[in-house]
Amino acid sequence: MSNSNDSIFMPIALDEARRAQDEGEVPVGAIVVANGQIIGAGHNRPIASHDPAAHAEILAMRAAAIVLASYRLIDAAIYVTLEPCVMCVGAMINARIARVVYGARDEKAGALGSVYDIGRDGRLNHRFEVTGGVMEAECAALMSEFFRARRAT
């Protein structure tokens, strides 16, 4: 899959992250893209939905699966503002995502290179292409600002 659209799609994922921030959630946003079209979008909502699995990536993949009428998201890419966690990478593997593009690294819980590298683990039944650091400064700044504001209150 091409990297040429990364600069087009990551700002849309950032808009989703801002929606999470506006709702008082940790500002992470994600979109799923297939054939150059956005087929799913989501932002963190575990607090509002009382659901520990309501991460941006999970919600975006659920929306995409409905659009495709399939739980397999073959040939789809997911754009997410923060390096996905173990749970989200597991879901991406099960969905057969083809490519993951993320913004900021997550040195505490990242599962695509920072703490773990599950998505490229040759022992699993599916692997995908990973591109990290797309709009990293903007994605990291949004997270930093969110937590700085929370510590100030």
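Visitor: What makes Phe 147 partly exposed?

Guide: This is a predicted model, and in it Phe 147 has a relative accessible area of 32%. Buried means under 20% and exposed means over 50%, with partly exposed in between. A value of 32% falls in between, so Phe 147 is called partly exposed.

Visitor: And Phe 146, is that one buried or exposed?

Guide: Phe 146 comes out at 6% relative accessibility. The cut-off for buried is under 20%, so Phe 146 counts as buried.

Visitor: Why is the pair of Phe 146 and Phe 147 called edge-to-face?

Guide: We need two values here. A pair of aromatic rings is described by the distance of the centres and the angle of the planes. For Phe 146 and Phe 147 the centres are 5.0 Å apart and the planes stand at 85°. Centres within 6.5 Å make a pair, and planes over 60 degrees apart make it edge-to-face, so both conditions are met.

Visitor: How many aromatic pairs are there by this rule?

Guide: The count is 2. Another pair is Phe 9 with Tyr 79, and that one is tilted.

Visitor: What makes the pair of Phe 9 and Tyr 79 tilted?

Guide: Their ring centres lie 5.4 Å apart, with the planes at 45°. Under 30 degrees would be stacked and over 60 edge-to-face, so 45° leaves tilted. This pair also links distant parts of the chain: Phe 9 belongs to helix α1 and Tyr 79 to strand β3, 70 residues apart.

Visitor: How do you know that Phe 9 and Tyr 79 are buried?

Guide: Phe 9 has a relative accessible area of 7%, and Tyr 79 has 2%. Each value is under 20%, so each residue counts as buried.

Visitor: Helix α1 came up just now. What makes Ala 20, which is also placed in α1, a buried residue?

Guide: Ala 20 has 0% relative accessibility, and that is under 20%, so it counts as buried. Leaving aside neighbours within four places in sequence, Ala 20 is in contact with several residues, including Val 26, Val 28 and His 43. The C-alpha atoms of Ala 20 and His 43 are separated by 5.5 Å, although the two residues are 23 apart along the chain.

Visitor: Why is strand β1 called largely enclosed by the rest of the structure?

Guide: Look at the count: 6 of the 6 residues in β1 are buried, so the strand is largely enclosed. Gly 29, Ile 31 and Val 33 point one way, while Ala 30, Val 32 and Ala 34 point the other way.

Visitor: How do you know that β1 pairs with β2 and with β3?

Guide: Pairing needs at least two bridges. β1 has 6 bridges to β2 and 4 to β3, so each count passes the cut-off. Both pairings are antiparallel. In β2, Val 32 has Gly 40 as its bridge partner, while Ala 30 stands opposite Val 80 in β3.

Visitor: What is notable about phi in Asn 35, Arg 96 and Met 135?

Guide: Each has a positive phi: near 55° for Asn 35, near 65° for Arg 96 and about 55° for Met 135. Most residues other than glycine have a negative phi. Asn 35 sits in the hairpin of β1 and β2, Arg 96 in the loop between α4 and β4, and Met 135 in the loop between β5 and α5.

How values were computed: Residues are numbered from 1 along each chain as its sequence is written. This is a predicted model: local features need pLDDT of at least 70, side-chain atom pairs count only at pLDDT 80 or more; totals for chains, interfaces and linings use all residues. Side-chain values use heavy atoms; hydrogens and water are left out. Rings of Phe, Tyr and Trp (its six-membered ring) pair if their centres lie within 6.5 Å; planes under 30 degrees apart count as stacked, over 60 as edge-to-face and the rest as tilted. Helices (H or I, at least four residues) and strands (E, at least two) are DSSP runs, numbered from the N terminus. Buried means under 20% relative accessible area, exposed over 50%, partly exposed in between (1.4 Å probe, protein chains only). Contact means heavy atoms within 4.5 Å.
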